[in-house]
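Biologist: Hey, I've just opened this one and I'm new to it. Can you walk me through it?

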4 protein chains.
Amino acid sequence: MAAALPPVPESSEPPRRGRRKEARPGELLDAALDLFVEKGFAATRVDEVAARAGVSKGTLFLYFPSKEDLFKAVVRKNIAGRFPEWDLEMETFEGTSSELVQYCFQTWWERVGSTKASGLGKLMLSEANNFPEIAEFYRREVVEPGHRLIRRILQRGMDRGEFRTLDLDHAVYLVLAPLMFLMFSQPSLSLCIPNPDTFSAQEYIRLQAENVLQGLCVRPT
Amino acid sequence: MAAALPPVPESSEPPRRGRRKEARPGELLDAALDLFVEKGFAATRVDEVAARAGVSKGTLFLYFPSKEDLFKAVVRKNIAGRFPEWDLEMETFEGTSSELVQYCFQTWWERVGSTKASGLGKLMLSEANNFPEIAEFYRREVVEPGHRLIRRILQRGMDRGEFRTLDLDHAVYLVLAPLMFLMFSQPSLSLCIPNPDTFSAQEYIRLQAENVLQGLCVRPT
Amino acid sequence: MAAALPPVPESSEPPRRGRRKEARPGELLDAALDLFVEKGFAATRVDEVAARAGVSKGTLFLYFPSKEDLFKAVVRKNIAGRFPEWDLEMETFEGTSSELVQYCFQTWWERVGSTKASGLGKLMLSEANNFPEIAEFYRREVVEPGHRLIRRILQRGMDRGEFRTLDLDHAVYLVLAPLMFLMFSQPSLSLCIPNPDTFSAQEYIRLQAENVLQGLCVRPT
Amino acid sequence: MAAALPPVPESSEPPRRGRRKEARPGELLDAALDLFVEKGFAATRVDEVAARAGVSKGTLFLYFPSKEDLFKAVVRKNIAGRFPEWDLEMETFEGTSSELVQYCFQTWWERVGSTKASGLGKLMLSEANNFPEIAEFYRREVVEPGHRLIRRILQRGMDRGEFRTLDLDHAVYLVLAPLMFLMFSQPSLSLCIPNPDTFSAQEYIRLQAENVLQGLCVRPT
DNA sequence: AATGAATGAGTGTTCATTCAT
DNA sequence: AATGAATGAACACTCATTCAT
């Protein structure tokens, strides 16, 4: 009620109908990420996204031509768009390939696995059948770059004589499976990991990395 | 129950009218399983379930008060216990623990991973948030027994001095993660495994088992 | 208010939720014809059509998969579907070709021009650009059969030596133009025919037929 | 007005800022005419009109309080009076009345039928119900003068003994119907004239004029 | 005067659910 | 017990209109 008074200066709060063009897309993407992860693609209503971002439905469509495009933008901002950076990091890594794999597991957890972006992976899994176009987008922009990144890491290890000769088509999954399992499990944790109190994601990551390297390395540590 | 069947001639073709009423719910559950697994909960229309079961939509609601109840019934019916059998199999296994782990990976694929049951796992993952009650049930009746089974296998290996000392709380996932990843990926294969033509589930299973054992065994094979 | 009383026998009035499957489509088509003609295709809301037919919006979509299909059905019922009858009538006509032309003008007025179906023609004219699929349908199912019918009539007159040699591609419009002009003008009569009180459609039809025949006949009557 | 132009350098390219304000409404009306004629009233979006006129949507609403008002202004601007000129032309025509009728058909096509103005006629037809006020205006300023012009021509023919005695109230349409039919058909040509490649508007005009005269003249040419 | 970001009412279509027969 | 006709809430997207700058 009191808040409805028109001439309240309301300190630093942004003007109701302000020119916010720069900020809007980001706010909408954040709101969308939250809701998509929480409720899934189909079950998330665009009104809700708009409301959470503090704008009207119409405004959302001002910035994103459709719900699907909104989703793609969310994926791009939170995952797809970060591969260049990750690729570069890998190219310029200076340690052994074992260290690189460990670094990979660790930073994946910090930057993706433990963040809300992790929910996007599970989301795709659930909705892929019903939204083939989105699935294709995700495959192209996320899954394939991810596979390529890991293949390059394994190849690096083989080239340097650190890893034994591998059938890359299947070996990628030695790295991917543990990460993806954790990603998929994360949002409904207790379903897949029935004793959350004796479970430490950090320790999971460490152990899986160690184990993978046992199999990978020419001479196990 | 089966003895209570009315005096139907029991000819090979089911009688048009007066079809065994007791069979209805079962037929509906079968149809629902197929469709839920194929398209997910939200995208499955009850008309379709009814149609596939050969009854009208109204009839479905005669047996299941709502779509959600139908879903619950499907899960309840299909995830019941194969565990006693598997537990026994493990207890009486006579080879080395390495062989047992390999046997495990292999039979899991044959009996679960490659069957429709695999779809149910992903389905649960997707819908766990919407059906906490079912999720809890699934956790208790499927996830926990599974964990316990694997823990026992690892414990057996440690007891016999075949496996090195393990933190079981995290080591279970060395076995589980590869299997679960494949299970979750299976229904929308090309999403997670972008080159299905160069991918062999059999080879995946073999490699993952081999790799896990590298880390597990005191002296790698 | 009083009508809202639940247990009024209300005499012959059909039951609110009766099994009306046979009657429904017809009622919907009638309602749709009225509204389409009155307000145009785009401006007619399907809720309104349903309401006028005394059913809910959902019911409409039970019988017609889309608004466009509803419209097509309206056109088919009121115009397109009647060409077989008209074609036959023409084939079996026994008088002179002059009489046939006069009969044509006259019956067109009675069966189309003076009825609500007349509004459909103008409707198509207005909406053709925005709904190309509908326009194509109308062209195929109404315009072309109409042209063919008239061409056959003119050809008959030429074959019998009653009409002079004609360039059919343009002569069709000697017959069509007066009829179509009246059809298009009808719904907003006073716009095109500024003195409706001194205007008789019957006389218009008679005069136009007479005039056309003057030009058509080898030896004017 | 034109003399009041500010001291713009009058270079061939219009100055970016400070463009002549007076021109705005005119540019908007021109853009609106094009679009209304092309797409109809409802299907024309005001953004588009504004864009085509090179201004923002907000500016449009500065000059025209609503889309409807814009429409009214378009009609008012474009259907004003060419009739004085045409009336004069008719009064001073020196040939036979047959020739006058032929001249009429021909020049109508050149000056109206084949121009954008033709689209306005159809537009009025479509929107007359929604804009009764405009319809009345159109009737008064366009339709009635047109009728009067044709009546005078027919009267001239009768007075000179060239045309037979006519019931003018209906005979006007002998001339009007063919022209109006072509006018209405023009914008969505293929709808009314299903074989545009075998159709020549010139030949249509010629044939219709010839045919009308057959009926009109005391002794057909 | 001019902008363009923001709004929100409006619409075709879907589908779980009801209920008269 | 079984049907299937009927319902109506829900939802993505559009676009004329407003208004702070």
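Modeller: Sure. Keep in mind that this is a predicted model. A good place to start is where chain D meets chain C: 47 residues of chain D are in contact with 46 residues of chain C.

Biologist: How much area is buried between chain D and chain C?

Modeller: About 4,100 Å², with carbon and sulfur atoms giving 63% of that. On the chain D side, the residues that lose the most area to chain C are His170(D), Tyr173(D) and Leu191(D), which together make up 17% of what that side buries.

Biologist: And how many salt bridges does the rule find across the interface of chain D and chain C?

Modeller: Two salt bridges turn up there. One pairing is Glu210(C) with Arg164(D), where the closest N and O atoms are 3.0 Å apart. The rule also finds 11 residue pairs in polar contact across that interface, both residues being at pLDDT 80 or more.

Biologist: Which helices of chain D supply at least two residues each to the side that touches chain C?

Modeller: α1 (23–39), α7 (117–127), α8 (132–159), α9 (168–185), α10 (189–192) and α11 (201–216). Sorted by class, that side of chain D has 25 nonpolar, 12 polar and 10 charged residues.

Biologist: What turn lays chain D on chain C?

Modeller: A turn of 179 degrees with a shift of 0.1 Å along the axis, and the RMSD is 1.7 Å. That is the relation of a two-fold axis. The same surface serves both copies, as 96% of the contact residues of chain D recur in chain C.

Biologist: OK, switching to the other pair. How many residues do chain A and chain B put into their contact?

Modeller: Chain A gives 45 residues and chain B gives 47. The area buried between chain A and chain B is about 4,100 Å², and 63% of it comes from carbon and sulfur atoms. In chain A, His170(A), Tyr173(A) and Leu191(A) supply 17% of the area buried against chain B, more than any other three residues.

Biologist: What about salt bridges between chain A and chain B, how many are counted?

Modeller: The count is two salt bridges. Arg164(B) and Glu210(A) meet in a salt bridge through their side chains, at 3.1 Å from N to O. There are also 11 residue pairs in polar contact between chain A and chain B, again with both at pLDDT 80 or more. On the chain A side, α7 (117–127), α8 (132–159), α9 (168–185), α10 (189–192) and α11 (201–216) each supply at least two of the residues that touch chain B. By class, that side has 24 nonpolar, 13 polar and eight charged residues.

Biologist: Which rotation superposes chain A on chain B?

Modeller: One of 179 degrees, with 0.2 Å of shift along its axis and an RMSD of 1.8 Å. In chain A, the C-alpha nearest the axis belongs to Ser126(A), 2.2 Å from it.

Biologist: Why can you say that the copies meet through the same surface?

Modeller: Because 98% of the interface residues of chain A are also interface residues in chain B.

Biologist: Now the DNA. Which residues come nearest to strand E?

Modeller: Of the 39 residues around DNA strand E, the nearest are Thr59(A), Tyr63(A), Arg45(C), Thr59(D) and Tyr63(D). The side chain of Tyr63(A) has an N or O atom 2.5 Å from a phosphate oxygen of DNA strand E. Lys57(C) goes to a base instead: a polar side-chain atom lies 2.8 Å from a base oxygen of that strand. For Ser56(D), a polar backbone atom is 3.3 Å from a phosphate oxygen of DNA strand E.

Biologist: What classes do the residues near strand E divide into?

Modeller: They divide into 10 nonpolar, 11 polar and 18 charged.

Biologist: And which residues are closest to strand F?

Modeller: DNA strand F is surrounded by 39 residues, and the closest are Arg45(A), Lys57(A), Thr59(B), Tyr63(B) and Tyr63(C). Sugar and phosphate make up 60% of the strand F atoms that come within 4 Å of the protein. Tyr63(C) has a polar side-chain atom 2.5 Å from a phosphate oxygen of DNA strand F, while a polar side-chain atom of Lys57(D) lies 2.7 Å from a base oxygen of that strand. Lys67(D) uses its backbone, with an N or O atom 3.0 Å from a phosphate oxygen of DNA strand F.

Terms used:
Residues numbered from 1 in each chain as written. Chains lettered and ligands numbered in written order. Predicted model: local features only at pLDDT ≥ 70, side-chain atom pairs only at ≥ 80, totals over all residues. Heavy atoms only, no water. Contact = heavy atoms within 4.5 Å. Buried area = accessible area lost by both parts, 1.4 Å probe. Salt bridge = Lys/Arg side-chain N within 4 Å of Asp/Glu carboxyl O. Polar contact = N/O pair within 3.5 Å; in protein donor to acceptor, adjacent residues only side chain to side chain. Helix = DSSP H or I, 4+ residues; strand = E, 2+ residues; numbered from the N terminus. Nonpolar A, V, L, I, M, F, W, Y, C, P; charged D, E, K, R; others polar. Least-squares fit on C-alpha atoms with pLDDT ≥ 70 in both. Near = heavy atom within 4 Å.
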